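Here is a short briefing on a core and two pockets. Take a look at the model first.

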Amino acid sequence: MSAPEWSQDDLAEKAECARRTIAAFEQEKSVPFDRTLRDIQRTLEDAGITFLMDGARGVGLQETQENSDLS
């Protein structure tokens with residue numbers, strides 16, 4: 001399985017947020033509101049991505065399961 005190859009527009013649509021929110025976060029220009037971060041995380045987890053944590057600090061991502069609805 002491979003990770004989803006989504007554009008910023010794709011992720012924004014699936015996470016129900018603005019593309020500019022995704023772009024600014026990727027460029028480390030801003031951090032989205034907590035609710036938006038949860039929506040993005042949930043969207044990626046639903047696509048089979050696991051967030052690896054060390055306490056409250058994120059340390060990486062891992063593909064977890066096959067999911068036929070990645071596109």
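What is the volume of the largest pocket? It is about 460 Å³. This is a predicted model: local features need pLDDT of at least 70, side-chain atom pairs count only at pLDDT 80 or more, and totals for chains, interfaces and linings use all residues. Residues are numbered from 1 along each chain as its sequence is written, and side-chain values use heavy atoms, without hydrogens and water.

**Largest pocket**
- The lining has 18 residues.
- Phe25, Leu37, Ile40, Gln41 and Phe51 lie nearest the centre of this pocket.
- α3 gives the most to this lining, with six residues.
- α2 (19-26), α3, β1 (49-54) and β2 (57-63) each supply at least two residues.
- By class, the lining holds 11 nonpolar, three polar and four charged residues.

**Second largest pocket**
- Its space is about 160 Å³.
- Of its 10 lining residues, Pro4, Trp6, Leu11, Leu44 and Leu61 lie nearest the centre.
- Seven lining residues are nonpolar, two polar and one charged.

**Nonpolar core**
- The largest nonpolar core (buried Ala, Val, Leu, Ile, Met, Phe, Trp, Tyr and Cys residues joined through side-chain atoms within 4.5 Å; buried means under 20% relative accessible area, 1.4 Å probe, protein chains only) has 10 residues.
- Among them are Trp6, Leu11, Ala15, Ile40 and Leu44.
- α1 (8-15) and α3 (34-46) are the elements that give two or more residues to this core.
- The largest share, three residues, comes from α1.
- Beyond neighbours within four places in sequence, Ala15 is in contact (heavy atoms within 4.5 Å) with Asp39, Ile40 and Thr43.

Note on methods
Buried < 20%, exposed > 50% of the residue type's maximum accessible area, 1.4 Å probe, protein only. Helix = DSSP H or I, 4+ residues; strand = E, 2+ residues; numbered from the N terminus. 1 Å grid on protein atoms, 1.4 Å probe; cavity = no way out; pocket = protein on both sides within 12 Å on 5 of 7 lines; lining within 4 Å. Points joined across faces, edges and corners; volume = space filled by probe spheres on them. Nonpolar A, V, L, I, M, F, W, Y, C, P; charged D, E, K, R; others polar.
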